[in-house]
Amino acid sequence: MIPFRINEASSQTKLTSKEEDIGKKQENFNGKRILLAEDTETNQMIAQAILTGVGLQVEIANDGAVAVDMVQSKPAGYYDLILMDIQMPNMDGYEATRKIRALDDKAKAGIPIIALTANAFGEDREKAFQAGMNEHLAKPYEIPKVMAMLSRFLSC
C-alpha cells in the first residue's frame with residue numbers, strides 16, 4: 001500500500017469572483033415562484049430549504065409529466081423559473097423541457113429552465129441546451145453557484 005494525501009483544494013471547482021460575491025451577499029427573492037421538478041425526496045428537501053431560505057416560493061413536481069401539466073394549468077407568469085432534474089420517471093427533464101418549449105402560449109414556452117443533474121460533463125450541458133434549457137447546474141448543489149444562477153434569471 002502506498003500512502004497518499006488528497007489535496008481537497010485542487011479537487012473543488014473554482015468560482016469566479018462574481019459568483020463568490022453573489023454567494024456572499026444575502027439574496028432575497030420574495031414574491032418569486034419556482035417550479036422544482038425533482039423526483040428524489042432528499043433532493044427536494046435540500047433544494048426547497050435553499051430556495052425558501054432566500055424568499056422563494058417553491059412548488060414541486062415529482063416527474064417531468066407533472067411539471068408540464070403544472071405549467072400548462074397555471075396562468076402565464078405564474079412561475080418565474082423552473083429547476084428541472086434530468087433523470088425522472090415517466091418523463092425525463094429533456095422531454096419535459098421540449099414539451100414546455102412547444103406550448104402555444106409563448107410566455108409559458110419561454111420560461112427560464114435550468115437543468116439539475118449529477119451529469120456535469122460538457123456533452124451533458126450541450127444536451128441540456130439542445131433540449132431548450134437555459135442553463136445547467138450540477139449536483140450536489142454549490143450554494144454560491146445556485147445563488148449566482150438565481151440572481152442571473154430572477155433579478156428584479
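**Exercise 1.** In which sense do strand E1 and E2 pair, and over how many bridges?

*Solution.* Take strand E1 (residues 33-37) and E2 in this predicted model. They pair in the parallel sense, over five bridges; pairing requires that DSSP finds at least two bridges between two strands. Strands are DSSP runs of E with at least two residues, helices are runs of H or I with at least four, and both are numbered from the N terminus. Next, locate one bridge: Ile-34 has Val-58 in E2 as its partner.

Residues are numbered from 1 along each chain as its sequence is written. Local features need pLDDT of at least 70, side-chain atom pairs count only at pLDDT 80 or more, totals for chains, interfaces and linings use all residues, and side-chain values use heavy atoms, with hydrogens and water left out.

**Exercise 2.** Give the strand order of the open sheet and name its edge strands.

*Solution.* The order is E2-E1-E3-E4-E5, with parallel pairing. Strand E2 (57-61) and strand E5 (135-138) each pair on one side only and are the edge strands.

**Exercise 3.** Which residues of helix H4 are buried, and why do they lie on the same side?

*Solution.* In H4 (residues 64-73), the buried residues (under 20% relative accessible area, 1.4 Å probe, protein chains only) are Gly-64, Ala-67, Val-68, Met-70 and Val-71. They lie on the same side of H4 because they cover an arc of only 160° around the axis, taken from the directions from the helix axis to the C-beta atoms. Their cover includes E1, E2, E3, helix H5 (93-101) and helix H6 (106-109), contact being heavy atoms within 4.5 Å.

Definitions and conventions
Buried < 20%, exposed > 50% of the residue type's maximum accessible area, 1.4 Å probe, protein only.
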